[in-house]
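Q: Please take a close look at the strand pairing in the chain shown here. Then connect it to the packing around it.

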Amino acid sequence: MARITMGAERFGTEAREAEYRGLETGDILFFPQSPPLVSEADRAFLVTQKQVDASYHKNVSYRPREDRLKGVDQDDPAQRERVHQIMRDYSRKTIAFMSTLLNKYATTWKIDYASFRPIEEEGRQVALHSRNDLLHFDSFPTRPSHGDRLLRIFTNIHPDRSRVWVTTDAFEALAGQFADRIGLHRRPGPLEACKNLTVRAASKLGLPVVDRPPYDRFMLKIHHAMKEDAGFQQSCRKDRWEFPAGSSWIVFTDGTSHACLSGQYMLEQTFIVRRGSLAFPDRAPIAVLERLAGCPLARSA
Ligand SMILES: [Fe+2]
């Protein structure tokens, strides 16, 4: 895995084939000087916002399609509206920027949520599976991707501190290591098959359950298995990356293993990239898992 550094001269240009390939196979596209996604006045306002350090308040989230803000610990309506406006602007600017840079994806991608993460990552006390400081691949527990990919752009808006990540090998190299543990080679037993059918039927009836296709079940199992494996976390090969204040970076977080060791005040926008729009679809996590399993793992969304 590598960090591909891109200068300000690349604002408004499309990624080259080698950059698409790098991104889709685990590299990070890194802008040491962020494109202009948030104004200095808005950045200065956001870093004065205090959040309660509880898991349900760790992020402020913004849903672009509904223009809806959630998770703000702000009682003052004017202040709340300002946060809403800043998140709306950040979301719109990142969508415009990414539509040019990663134009191959933009006609079919689904715009997901944006978030503001105001809590210091170092030393946070959260449940094991929620820990950001353990290496993992992202998998959304409540929103199955059906084999489409999770693409994220991050912007460090801290006034002076870097955000620090470590990464290890990319998905293609690690999937085989966890395949047996997550049951990729075994057919579901009668009990598990029955449970899956029941969940599917309940979901169709509109009950509040998450009906995951096999791909999303395996991705969530890999996410959990990696975080539960203390030996792996300690002994695996690691690369350390610093993302300085004022930088932005772009990652497929379902295929780039990552852990965030420290950092505070970050903005982020997520995109769900369609499997069919990828430049190298045979390198996607679903293609890797399907090769290992020897069968299709997605249902159409
Ligand atoms: Fe993550």
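A: Strand β7 (residues 163-167) and β10 are joined by 3 bridges and run antiparallel. One of the residue pairs is V164 with S262 in β10. The model is a predicted one, and what follows is computed from its atoms. β7 and β10 belong to an open sheet of 3 strands, ordered β8-β7-β10, in which the pairing is antiparallel. The edge positions go to β8 (239-243) and β10 (259-262); each has a single partner strand, so one side of each has no neighbour in the sheet. From one strand to the next, this sheet twists by 30° on average.

There is also an open sheet of 8 strands, in the order β1-β2-β9-β6-β11-β5-β3-β4 and with mixed pairing. Its edge strands, β1 (3-5) and β4 (68-70), each pair on one side only. The average twist here is 20° from one strand to the next. At the β1 end, β1 and strand β2 (residues 28-31) run parallel and are joined by 3 bridges; R3 has I28 of β2 as its bridge partner. Helix α1 (residues 17-24) packs on this sheet, with β1, β2 and β9 (248-252) as the strands it touches. The directions of α1 and β9 make an angle of about 65°.

Further along the order, β11 stands between β6 and β5. Strand β6 (residues 149-156) pairs with β11 in the antiparallel sense through 8 bridges, and L151 is opposite F271 of β11. On the other side, strand β5 (residues 110-117) is also antiparallel to β11, with 6 bridges; there, R117 has M266 in β11 as its bridge partner.

Q269 shows what surrounds β11. This residue is part of the strand, which covers residues 266-273. The cut-off for burial is 20 or more other C-beta atoms within 10 Å. Q269 has 27, so the residue counts as buried. Setting aside neighbours up to four places away in sequence, the contacts of Q269 are Y90, S91, T94, A114 and I153. A114 falls within the range of β5, and I153 within that of β6, the two partners of β11 described above. Y90, S91 and T94 fall within the range of helix α3 (residues 77-101). Not everything is that close to Q269: its C-alpha atom is 16 Å from that of N103, which is 166 residues away along the chain.

Y90 leads from the sheet to the nonpolar interior. The largest nonpolar core has 63 residues, and those with the most contacts inside it are M87, Y90, F218, W249 and L289. Helix α3 is the largest contributor, giving 7 residues to this core. W249 falls within the range of β9, one of the strands that α1 touches. As background, nonpolar side chains tend to be buried together in soluble globular proteins.

F218 and L289 can be followed further. Beyond four places in sequence, F218 is in contact with I182, L184, L289 and L297. One of these, L184, lies in the loop between α5 and α6 (190-204). L184 is buried, because 21 C-beta neighbours lie inside 10 Å. Apart from residues up to four places away, L184 touches A179, F218, L289, L292 and A293. L184 and L289 are 105 residues apart along the chain, but their C-alpha atoms are separated by 7.9 Å.

Helix α5 (residues 171-179) is on the N-terminal side of that loop. F171, L174 and A175 are buried in α5. These residues are on the same side of α5, because they cover an arc of only 115° around the axis. Among the elements that cover the buried residues of α5 is α9 (285-293), whose range also holds L289, L292 and A293, the contacts of L184 listed above.

For context, the protein chain comes to 9 helices and 11 strands. Its radius of gyration is 19 Å, close to the 19 Å from the globule rule for 301 residues, so the chain is as compact as a globular protein of that length. The C-alpha trace spans about 60 × 45 × 40 Å along the principal axes. Of the 301 residues, 35% count as buried. Among contacts with a separation of 6 or more, 86% join residues 24 or more positions apart; the contact of L184 with L289 is one example.

Conventions. Residues are numbered from 1 along each chain as its sequence is written. This is a predicted model: local features need pLDDT of at least 70, side-chain atom pairs count only at pLDDT 80 or more; totals for chains, interfaces and linings use all residues. A nonpolar core is a set of buried Ala, Val, Leu, Ile, Met, Phe, Trp, Tyr and Cys residues joined through C-beta atoms within 7 Å. A residue is buried if 20 or more other C-beta atoms lie within 10 Å of its own, exposed if 12 or fewer, and partly exposed in between; C-beta atoms are placed from the backbone. Helices (H or I, at least four residues) and strands (E, at least two) are DSSP runs, numbered from the N terminus. Two residues are in contact if their C-beta atoms, placed from the backbone, lie within 7 Å. Two strands pair if DSSP finds at least two bridges between them. Axes are lines fitted to C-alpha atoms, for helices over the stretch in contact, and angles run from 0 to 180 degrees between N-to-C directions. The arc is that of the directions from the helix axis to the C-beta atoms. The radius of gyration is taken over C-alpha atoms; the globule rule is 2.2 Å times the number of residues to the power 0.38.
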